[in-house]
Structure formats: C-alpha cells, structure tokens
Amino acid sequence: MRFSVRLLLCAVAGGLIGAGGALYSVRSGALGNQRSLGPWTTGRDFGTAQASRYTRAVIALRGLLALPAREARYYNASVDSAGSPLDGRCRYRLSGGALPAAWWSVTLYDPAGYLVPNAAGVYAIGSASLPPAEQRRWAVTIAPRPAAGRWLPTGGVARFELTLRTYLPEDGGRGEIAAARLPRIEKEACR
C-alpha cells in the first residue's frame, strides 16, 4: 500500500510540475522557434500551417492575429537594448529608421498581452502617422507621463512589452530584419 501511495503522489506531483511549467512557458508568450535580434525576438513558424502546438497555444492565449510571414512579421521586446526588463515607471527612447516593409506599427502591452489603459488613449505608434520627413529617422518617448513629441504611454505599469509589426515585408517574409535595422530601446530615466 505504501509503495502505491508514493507512486501515486509522484505521478500527481510530476503532472502538476509539468502542467505548471507548460502553462508558464505559454503565458510567457515566447513564439516558437524563437530568435533574438537585440532586444527583439521573433518566431519563424507563426502564421504558417507548420506552426507547432506550442506556438498555436501562445497565439490563442495572447490573442495575436498571426498573418502569414509574406503579409506581416512580428517582433516582441520585453527588455531594452541593454537587456534590462521594460519598466512602465521609467522613460525610454524608442528610435529607428525606415524598415523594409510597406508600413509598420509598435504597440505597448502588459505581460499578459493586453493593451495598457491610459488617459491619453494612445496604444500604438505607426509609420502611417509619421510625416515623410520623419520616415527615415524617428523617435518615440515611452513613459508614464506626457512627453514632448511622439509619446507612447505606459500607464505606469510595473512591466510592459512592445510588439513591432512590419506589414508587407520587402523580402516577402522569407527572412528577418537585421538587428541593426530594428528600433533601439534605450532607458533614459526612472523615478
């Protein structure tokens, strides 16, 4: 009797640890076949028929609209260019240049994948909102308080993530943007 009870307890513990690890992994939102490009990560199999069960679970949980790579490429950042976690109580400078796509957008989310509520009602910045003079070199302040110029509010949350979407990539979705061409995320100050 004692052996069977121990065996049952080990099986239950193993099941709970395995399920907890899988849930944590899916909730952390890493899109399968992950590749790091500076602070940005991307996956190769989302938006395809070859997407793994893991990638499909992340997409279902996070509510992503995963278009095929020929239509959109997705890049996610939960750290700044120095590798520190993004903190909604700090001020960051997101800067970049022309990206090899028809247009792009950067959206701010909480770690669970939801838009962060803010009084300004601003949730994303995109190339369509930039005048032609700024298309080659642009900058956005990401901060809890209003800032001069382009501002993406954090709502003061403890942690946030950024998702960069590039639509109609020039290479037809066959590759990735080189890390040097992706926007930089630099921490300027914290309260």
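1. Start with the cross-link: Cys90 and Cys190 are joined by a disulfide, S to S 1.8 Å. A disulfide here is a pair of cysteine sulfur atoms within 2.5 Å, and by that rule the count comes to one. In general, such a link is a covalent bond between the sulfur atoms of two cysteines.

2. A word on what you're looking at: this is a predicted model, where local features need pLDDT of at least 70, side-chain atom pairs count only at pLDDT 80 or more, and totals for chains, interfaces and linings use all residues. Residues are numbered from 1 along each chain as its sequence is written, and side-chain values use heavy atoms, with hydrogens and water left out.

3. Back to the cysteines. The torsion about the S-S bond of Cys90 and Cys190 is about 95 degrees, so the disulfide is right-handed. Cys90 sits in strand 4 (residues 90–97) and Cys190 in strand 10 (residues 184–190), so the pair links distant parts of the chain, 100 residues apart. Strands are DSSP runs of E, at least two residues, numbered from the N terminus.

4. Is each end buried or exposed? Cys90 is buried at 3% relative accessible area, while Cys190 is partly exposed at 43%. Buried means under 20%, exposed over 50%, and partly exposed in between (1.4 Å probe, protein chains only).

5. Now the sheet: six strands form an open one in the order 1-2-3-9-5-6, with antiparallel pairing. Two strands pair if DSSP finds at least two bridges between them. At the edges, strand 1 (35–37) and strand 6 (124–126) each pair on one side only.

6. Strand 5 (residues 101–109) runs antiparallel to strand 6, joined by three bridges. Ser105 stands opposite Gly126 in strand 6.

Definitions and conventions
Helix = DSSP H or I, 4+ residues; strand = E, 2+ residues; numbered from the N terminus.
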